[in-house]
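Welcome! Below are a few short exercises, each with a worked solution. Try each task on your own before you read on.

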Amino acid sequence: MARNSSLAPQMALSRLSLLLLAALALSSLPILAIARGGDAISNRSGHLGQRTALPKRRLFEEKEPQITEEMTRGYMSNSELEMAVKKFAKRCANISRVYSIGKSVNGVPLWVIEISDKPGQKEAEPAFKFIGNVHGDEPVGRELLVLLANWLCNNYMQDSLATLIVRSVHLHILPTMNPDGFALRRRGNANNIDLNRDFPDQFYHMNDVISLRQPETKAIMDWVKQQHFTASASLHGGALVANYPWDGTQDTRKHYYACPDDKTFRYMATVYSRSHYNMSLSKEFEGGIINGAFWYPIYGGMQDWNYIYGGCFELTLEISDTKWPKASELPVIWEYNRMSMLNLVASIVKTGVHGRVFAANTGRPLPASVIIRGIDYKVNASWTFGDYHRMLAPRGNYEVTASMPGFQTRSTRIQVEDEAVNLDFILNLEGDAHTPSLFANGCDCSCHGNARLLGFLRGIHLELFLLLVILLFLCFLFKRKKMLKFPRYREPNAAKRDLVV
C-alpha cells in the first residue's frame, strides 16, 4: 500500500533553480486530493477534499510504524537473499541466469533471476517481470519471488504449467527493488524517497527532473528499455487486492479513471484474483480487483509508467493484509498466491494476439507498430525477430493493424476466444502497387499462423540471392560452351535421327 511523502525542508542549492522552473510548469495543473496510503491534504481553509496545489516530490516527515527485531526474525537479510539467488543460479543453471540491473543508493546490487529454456538468448517470445520489495517495509514479495523461482526449477518437465512458462516465456524476477529500505526497516530508500512515487508521470511533471531520480528508479527504467517486456507485476503488502491503471487522475480527484486497455487490465487482475485462495472473495474490493484512481490517486507510480512509456502491462498486487507478517505465515501466503503468480505469467501466452511482421520484398523482420482499432495504445514488434505480443481480453472481436514507415499499413480482423491468436503480417513497400513477395503463399496483407518459408528466408539479402542465381547461370553457360567445343563422336547420320519427332 502506498503512502504520501513530504518535502524535506532543505534542498541542495544546486537544485533550487530546477525546482523553481518545474514549480512554474506545475502551477496550472489540477490538485491532489488524497494520495495513496496517505492522509487527506487540506487547503488553506482547512477543509478536506478541496482543490489544493499538487505536492512536490517529498521526503518523509511522518513517523512510520516501528519494525521490531522480533518482526524481522525468519526473513532473509540482504546478504542472505544474495546467497539464495546465487545458490539458485548454480542449482538451476540449465534454465536460468542471474544478472544485476544496477545498485541501490548504498551500493547493494539489484539481482535479477531470468528463467527460460534459453536464458540470456533473444527469442521471439514474450517476457514477464516480477518486482518485489518496492517499499522497504513490505518484504513478503521478496520471499515469495525466491520461492517462485525454486518452484519453477523443481517442477520443470514435471508440471505442465511450469514447463509452459519455462519454454514459452522469458521470466525475469527482481526479488528486491529497495534493499536499503529493507535494511533500514522503513518504506523509502536510503534517501527516504518512496520509489513508487519517483517515476515520470503523465500528470505530475515534477518527476521529469532527471537529476532528482533515484538510482533504483533509473535501474528499472533502463532495464525496461533493454528488455522487451510484455507484462509485469510488482508485489506489495498491506491489503489483499489486484490493482490496475490508471493510478492517477487528470483532475486529481478520487474516481474510476480507465486507461485505454481497461478491459484487458480488468481481465489480468481477475486472473490473479480468481486464482488466489481468497482474494476474489473480498468484501472491500468487488471481485478482489480495483482501479488505482478509484481506490485513491497516486502520481509517479511504476505501474502507470510501465504502461505509458515501457509498452508493458503492469499490475500492482497487494498480496498480504499485513505488511510484515510473522515469518511462520510465509508458507501459507505462498500457497495462497502461488497459482495466481503462475497463471498471471502464463496468461501472456495463453491469450491475446501474437505474431511477427516481415517485409514482403526481403523477408526481413520489421519493428512495426501494432494497434487495435478503438484502443488508443500501441505495442512495438522487436528489432531482432519482428515479434509482437499484444495482451487482449478474451471473447472479443478486434481489428489489428500493423504499420511501419516506408511500408503499406495492413489490417485484419480476429476473434479472440479463450486461447491466443497467432497473426503474422507481411508488409509491402509504400508506393508500390504490389511488391513481389518472397513468401509465395497467396497472402497479401496478413497471415494467420507461421509462414513455412520464414526460417529459410530470414536474414537473407535479396542481393545475395540474385548473385547466386547469376553465378549458377554463368556456370551453366560455361559448361554448355565446353560441350559445343568438344563434341562427342557420332555416326554420320546421328544428327538427322535426333531431329526426328
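**Exercise 1: Lys-350 and its surroundings**

In which helix is the place of Lys-350? Once you have found the helix, describe the surroundings of Lys-350.

*Solution.* Keep in mind from the start that this is a predicted model.

- Step 1. Look along helix α11, which covers residues 330–350: Lys-350 has its place there.
- Step 2. Check the accessibility. The relative accessible area of Lys-350 is 42%. Buried means under 20% and exposed means over 50%, so Lys-350 is partly exposed.
- Step 3. List the contacts, leaving aside residues up to four places away in sequence: Lys-350 touches Leu-161, Leu-164, Asp-418, Glu-419 and Ala-420.
- Step 4. Compare sequence with space. Lys-350 and Val-421 are 71 residues apart in sequence, and their C-alpha atoms are 8.9 Å apart.

**Exercise 2: The cysteines**

Find which cysteines a disulfide joins, and work out its handedness.

*Solution.*

- Step 1. Search for two cysteine sulfur atoms within 2.5 Å. The count by this rule is one disulfide.
- Step 2. Name the partners: Cys-92 is joined to Cys-153, with an S to S distance of 1.9 Å.
- Step 3. Place them. Cys-92 sits in the loop between α3 (78–91) and β1 (96–103), while Cys-153 belongs to helix α4 (residues 140–155), so the bond ties together parts that are 61 residues apart in sequence.
- Step 4. Read the torsion about the S-S bond of Cys-92 and Cys-153. The value is about -100°, so this disulfide is left-handed.
- Step 5. Check the accessibility of both partners. Cys-92 is buried at 0%, and Cys-153 is buried at 17%.
- Step 6. Look at two further cysteines. Cys-259 is buried at 4%, and Cys-312 is buried at 0%.

**Exercise 3: Two helices side by side**

At what angle do α3 and α4 pack, and which residues meet?

*Solution.*

- Step 1. Take the axes of α3 and α4: they are 11 Å apart, at an angle of about 10°.
- Step 2. Apply the cut-off. Angles under 35 degrees count as roughly parallel, and α3 and α4 are therefore roughly parallel to each other.
- Step 3. Find the contact. From α3 come Asn-78, Leu-81, Phe-88 and Arg-91, and they meet Arg-142, Val-146, Ala-149, Asn-150, Cys-153 and Asn-154 in α4.
- Step 4. Sort by class. The contact of α3 with α4 has five nonpolar, three polar and two charged residues.

**Exercise 4: Strand β5 and the sheet**

Is strand β5 largely enclosed or open to the outside? Then place β5 in the sheet.

*Solution.*

- Step 1. Go through residues 229–236. Eight of the eight residues of β5 are buried, so this strand is largely enclosed by the rest of the structure.
- Step 2. Find the partners. Strand β3 (residues 127–131) pairs with β5 in the parallel sense over five bridges, and strand β8 (residues 313–320) pairs with β5 in the parallel sense over six.
- Step 3. Follow Ser-232 in β5: Lys-129 is its bridge partner, and Glu-314 in β8 stands opposite Ser-232.
- Step 4. Widen the view. Eight strands in the order β1-β2-β4-β3-β5-β8-β6-β7 form an open sheet with mixed pairing. Its edge strands are β1 and β7 (289–291), each pairing on one side only. From one strand to the next, the twist averages 25°.
- Step 5. Add a helix. Helix α8 (residues 262–275) packs on the sheet and touches β5, β6 (239–244), β7 and β8. The direction of α8 makes about 30° with that of β8.

Definitions and conventions
Residues numbered from 1 in each chain as written. Predicted model: local features only at pLDDT ≥ 70, side-chain atom pairs only at ≥ 80, totals over all residues. Heavy atoms only, no water. Helix = DSSP H or I, 4+ residues; strand = E, 2+ residues; numbered from the N terminus. Buried < 20%, exposed > 50% of the residue type's maximum accessible area, 1.4 Å probe, protein only. Contact = heavy atoms within 4.5 Å. Axes fitted to C-alpha atoms, helices over the stretch in contact; angles between N-to-C directions. Parallel < 35°, antiparallel > 145°, perpendicular 65-115°, else oblique. Nonpolar A, V, L, I, M, F, W, Y, C, P; charged D, E, K, R; others polar. Pairing = 2+ DSSP bridges.
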